[in-house]
Amino acid sequence: MTDEFTHLFQPGRIGSTDIRNRLVMAPMGTNLASERGEVTDPLIEYYAERAKGGTGLIILEVAAIDHPVSDTIANQLRIDDDGCVPGLNRLTQRLHDHGGKVFIQLHHAGGQTTEKKTGGIRPVVPTQSESGYSARNPRELETEEVETLVGKFVSGAKRARKSGFDGVELHGAHGYLLEQFMSSRTNTREDRYGGSLQERMQFPVEIVEGIREELGDDLSLSFRLTADEFVEDGYGLDESKQMAALLDEAGVDVLHVSAGTYGSAPQTLEPMRFEEGWRSYLAAEIGSVVDVPTIAVGVVRQPTTADEIIADGTATFVAIGRGHISDPYFARKAKEGQLEDLNRCIGCNIGCIGEGFMADKQIGCTVNPTVGREREFATLGSAPTQQDVLIVGAGPAGSQAAIRASDRGHDVTLYDAADRIGGQLHIAAQPPGKEKIQWYHKYLDEQLSKRDVDVQLGEYVDSDLICETQPDAVVVATGARPRELDCPGSDKPHVVQAWDVLNGSVTVDTDTAVVIGGGDVGCDVASYLANQDVAVTIVEQGSEIAPEKELVSRIDMLQQFGENEQITTETGEDVVSIKESTVVTENGVGSESKYSADTVVLAVGHQPNDELVNELEPTPADVYVVGDARESRNIYRATHDGSEAGISIGAVDPTYSPQF
């Protein structure tokens, strides 16, 4: 036990709910419910693991109060029918068994959805307009329909109490229906639900008052408030402070202070570059005008940051969302001083967002492959057959394979030709704003040190060594290598690889550079060079820059590029030759362009470094090919690939090839 975070681990209270500490798990869509919105065993196990991990309050993800028209994710929880109660009650009982308290978020998407999500029904909005909504053809709500929706929110709260929840949270943030009514940008109604700020607040205020009238103080009531929309014509702190005062007066017990809307996604689902706790000032401002507690949320990744927010009075509670995905034991590890074991969220947004709810898939995590599979991993135990395992490559795929194989009782030796583990993680962490990737490297290094894994660094592995050691299983995690460019002049001395620039083996000390290739790596090296005052032109063959990048991170990157005078992007251009100080291109109609370049940086993709695989064909060992050695992809895929191999050794057919 540590005394380091004394403020964070003080007990707290929200309404009638006593909470064991000041840590809150923020609500995040998982798609772990059934297609009909029912509670499933994986959903229960996912949340139970976080309650077991010591978090004081868990706020469950969005629950539909008017299915399907209110839905926003593919498999959204429901609380609009009494048939939902038994499953929800099973979930609350599990969480209470671990000492945690639990709220559920009552939600209506309004125009922030699509007809695919609403089952073909036209989404409903405060004001008939395409502006500010995701829906292409929304329908304006009649006054009587708004009154009916007040009742549906209240009915959802009644079902929540019947299901055993300690409280509910009204989702009045991130551009969903309640915020659509609150904002003059999306509400120009002329009935009693539109007009002045007080009239725009009538809908959420009636819901709060209705819940209080029906349930009294038996159910704690949170309101998630966008304090600043961060969009043109959107509201900011001046208005949100007035909103907060009205909600306080109406009877909420706590204000969960968030920010942003769909039009300002980087301020809502912050990519990696954002500083820890950057928007906690919003909670302080809201707290200055209300008497109820506040919850600060947004890029809190470490217990030190959370404790400081409580200590300096910025907020009463701290909500951590993605940090609870990456490590369900965040609270327990902080309380016990096990910070070296804390698996911190790196903010990549891939598994939870880009490959998660935005792709209509179940939640995942780049640094934690157990997400959504908690019971499966917890019950693995020792493998049926204990084997000698040799792993080649200590990047994320190889390291995860070593960790999981060791946990299953295998005798594991991990080789890497470099003098440290991590592989491409070190390259990926070099561009400005991507330093958090090193957290993952440090975590993997720590976990390997705590296991009986023989780590051999600076050792090159070939088929002779494998034949000599005769392992039962070989995991090839040798990563990838950059592709070359086949065009006249590509062999000139001033033409270098992006990886060599990022790993420091090549120094660019020129005034101008052309980066050939506008994918992830090309954009990263452009940012890296621009940060060193090099004027960079990105030349991309395709019609878009980084089209495969996670959506929110891509939006943020393009905005940053637009504000950076050092970076220019050119798309639809094929490189035809490289001169001494010029890159020559042609577009689709044969028009030629020339770009000045003292240095030319190649970022034209990478390919599997898989030569060892072919050399191993005669070996009797089971061979698993993982990560970029199997297919050039990203850190998320490498993590899951390696983990899957590690748990499969000695248990399943080695020809099994997991699909991600």
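Trainee: In which loop is Pro68 found?

Mentor: In this predicted model, Pro68 is found in the loop between β4 and β5 (77-78).

Trainee: What makes the peptide bond that joins His67 and Pro68 a cis bond?

Mentor: The omega angle there is about 0°, and the bond joining His67 and Pro68 is a cis peptide bond.

Trainee: What is the phi of Phe230, and where is its place?

Mentor: Phe230 has a positive phi of about 55°, although Phe230 is not a glycine. Its place is in the loop between β10 (220-226) and α7.

Trainee: Why is α1 called roughly parallel to α2?

Mentor: The axes of helix α1 (residues 41-52) and helix α2 (residues 85-97) cross at roughly 25° and come within 9 Å. Angles under 35 degrees count as roughly parallel, so α1 is roughly parallel to α2. The crossing of α1 past α2 is right-handed.

Trainee: Which residues make the contact between α1 and α2?

Mentor: From α1 come Asp41, Leu43, Ile44, Glu45, Tyr47, Ala48 and Ala51, while α2 supplies Arg90, Leu91, Arg94 and Leu95. Sorted by class, the contact of α1 with α2 has seven nonpolar and four charged residues, and no polar ones.

Trainee: What makes α7 oblique to α9?

Mentor: Helix α7 (residues 237-250) and helix α9 (residues 280-287) have axes that cross at roughly 50° and come within 9 Å. Angles under 35 degrees count as roughly parallel and 65 to 115 as roughly perpendicular, whereas the rest, apart from those over 145, are oblique. Therefore α7 is oblique to α9. Here too, α7 passes α9 in a right-handed crossing.

Trainee: Which residues of α7 and α9 make their contact, and how do they divide by class?

Mentor: On α7 they are Leu237, Ser240, Lys241 and Ala244, and on α9 they are Tyr281, Leu282, Glu285 and Ile286. The residues of this contact divide into five nonpolar, one polar and two charged.

Trainee: How many cavities of 30 Å³ or more are counted?

Mentor: The count comes to two cavities. The largest cavity holds about 100 Å³ of space, and the second largest holds about 40 Å³. Set against the cut-off of 30 Å³ or more, both volumes qualify.

Trainee: What lines the largest cavity?

Mentor: Its lining has 15 residues, and the closest to the centre are Cys345, Cys348, Cys352, Cys365 and Thr366. The elements giving two or more residues to this lining are α11 (322-326) and α13 (350-354). By class, the lining of the largest cavity has eight nonpolar, six polar and one charged.

Trainee: Which residues line the second largest cavity, and how do they divide by class?

Mentor: The lining consists of Pro482, Gln497, Ala498, Trp499, Val521, Leu602, Ala603, Val604 and Gly605. They divide into seven nonpolar, two polar and no charged. Gly counts as polar, so Gly605 belongs with the polar residues of this lining.

Trainee: How much space lies in the second largest pocket, and which residues lie nearest its centre?

Mentor: About 950 Å³ of space lies in the second largest pocket. Of the 45 residues lining this pocket, Tyr176, Tyr262, Leu269, Phe357 and Met358 lie nearest the centre.

Trainee: Which element gives the most to the lining of the second largest pocket?

Mentor: That element is α21, with three residues. Among the elements that give two or more residues are also β4 (57-64), α8 (265-268) and β13 (317-320). The lining of the second largest pocket divides into 23 nonpolar, 14 polar and eight charged residues.

Methods:
Residues numbered from 1 in each chain as written. Predicted model: local features only at pLDDT ≥ 70, side-chain atom pairs only at ≥ 80, totals over all residues. Heavy atoms only, no water. Axes fitted to C-alpha atoms, helices over the stretch in contact; angles between N-to-C directions. Helix = DSSP H or I, 4+ residues; strand = E, 2+ residues; numbered from the N terminus. Left-handed = near helix turned anticlockwise from the far one by under 90°. Contact = heavy atoms within 4.5 Å. 1 Å grid on protein atoms, 1.4 Å probe; cavity = no way out; pocket = protein on both sides within 12 Å on 5 of 7 lines; lining within 4 Å. Points joined across faces, edges and corners; volume = space filled by probe spheres on them.
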